[in-house]
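Here are some short exercises, each with a worked solution. Keep the sequence and the structure in view as you go.

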Amino acid sequence: MDFVKLNKSRHATKHFDGTKIPTVDVKQIISAASLAPSAHNIQSWHFVIVESDEKREALLAEMKPSNAEQVKEAGAVIVLFSDTDLVERSREIARYGADELNDEQLSRFNSRYPQMYESYDEFYESDYLSINAGLVTMNLVYAIKNRGYDSNIILGFNRTPKINEILDIERRYRPEMIIPLGNAAIKGVPSYRLPQEKIIEIR
Ligand SMILES: Cc1cc2nc3c(=O)[nH]c(=O)nc-3n(C[C@H](O)[C@H](O)[C@H](O)COP(=O)(O)O)c2cc1C
């Protein structure tokens with residue numbers, strides 16, 4: 001779909017009709033989303049597709065009450081995590097990509113980046129992860145729309161290791177965002193945007 005058309009047709013959707021989206025479709029959507037850029041191409045994202053009804057139910061207790069309904073009614077639920085072990089992530093890219101990366105790239109992921117990540121302080125690393133998570137989330141919601149579904153992005157939940165516990169996900173991964181998707185029961189509507197003169201300056 002044309003990008004502007006796609007953009008204008010995407011709206012935060014908060015009511016879904018409950019029709020399940022096959023996991024194979026969700027995986028394809030995630031595959032498209034993961035073409036997103038990331039700093040140093042570190043791809044610090046980790047997606048969890050919540051297939052289990054029990055786990056979805058347990059997640060509801062961790063949602064801000066106003067966000068629970070959307071997760072309950074969605075056709076599928078994705079929980080996005082960030083990998084906080086960037087040193088290991090970098091080495092993993094070198095291992096998995098060994099056949100596709102050239103020598104220079106391999107040496108970056110094997111030694112230069114791990115050293116660099118060791119020097120990041122907690123706040124810098126947290127921002128770094130959040131920015132990458134935001135970019136892939138944006139790509140994800142476009143991939144969802146492009147596939148004919150609607151979605152929302154939810155930050156309003158307890159972003160604590162309890163989420164890892166519920167979903168049985170290693171503590172190395174930090175919960176970032178929950179993305180419910182599906183067929184809209186109530187269509188999202190265009191929302192206000194600030195005028196250009198408020199958001200652009202030319203120097
Ligand atoms: C980082 C982020 C966090 C959000 N958190 C929530 C949330 O917790 N609950 C919710 O209903 N919507 C949430 N939204 C949706 C926004 O409210 C929505 O995107 C915004 O109002 C603009 O509307 P639009 O997406 O239809 O253009 C979030 C969106 C973003 C980008």
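## Exercise 1: Build the sheet

Strand E2 (residues 45–49) runs antiparallel to E3, and five bridges join them. Strands are DSSP runs of E with at least two residues, helices are runs of H or I with at least four, and both are numbered from the N terminus. The model is predicted: local features need pLDDT of at least 70, side-chain atom pairs count only at pLDDT 80 or more, and totals for chains, interfaces and linings use all residues. Residues are numbered from 1 along each chain as its sequence is written.

Task: find the order in which the four strands form the open sheet.

Step 1. Start from E2. Its valine 48 has valine 79 of E3 as bridge partner. Two strands count as paired if DSSP finds at least two bridges between them.

Step 2. Move on from E3 (residues 76–83). Eight bridges join E3 to E5, and the two run antiparallel. Valine 77 has proline 180 of E5 as its bridge partner. Serine 82 is matched with arginine 174 in E5.

Step 3. Add strand E4 (residues 150–151). E4 pairs with E5 over two bridges, again in the antiparallel sense. Here aspartate 150 has glycine 182 of E5 as partner.

Step 4. Read off the result. The order is E2-E3-E5-E4, with antiparallel pairing. E2 and E4 are the edge strands, as each pairs on one side only.

## Exercise 2: Check the two faces of E3

Task: say which residues of E3 point one way and which the other.

Step 1. Recall the rule. Side chains in a regular strand alternate between the two faces of the sheet.

Step 2. Sort the residues. Ala76, Ile78, Leu80 and Ser82 point one way from E3, while Val77, Val79, Phe81 and Asp83 point the other way.

Step 3. Test burial. A residue is buried if 20 or more other C-beta atoms lie within 10 Å of its own, exposed if 12 or fewer, and partly exposed in between; C-beta atoms are placed from the backbone. Eight of the eight residues of E3 are buried, so the rest of the structure largely encloses this strand.

Step 4. Look at E5 (residues 173–182) too. Ten of its ten residues are buried. In the protein, buried residues make up 29% of the 203 residues.

## Exercise 3: Find the buried face of H5

Task: where do the buried residues of H5 fall, seen down its axis?

Step 1. List them. In helix H5 (residues 86–96), the buried residues are Leu86, Arg89, Ser90 and Ile93.

Step 2. View them down the axis. They fall within an arc of 100° (the arc of the directions from the helix axis to the C-beta atoms), so they line one face of H5.

## Exercise 4: Describe the ligand shell

Task: how many residues of each class does the shell around the ligand have?

Step 1. Collect the neighbours. A residue is near if its C-beta atom, placed from the backbone, lies within 6 Å. The residues around the ligand include His11, Lys14, Asn67, Asn152 and Ser191.

Step 2. Set the classes. Ala, Val, Leu, Ile, Met, Phe, Trp, Tyr, Cys and Pro are nonpolar, Asp, Glu, Lys and Arg are charged, and the others, Gly among them, are polar.

Step 3. Count. The shell has four nonpolar, six polar and one charged residues.
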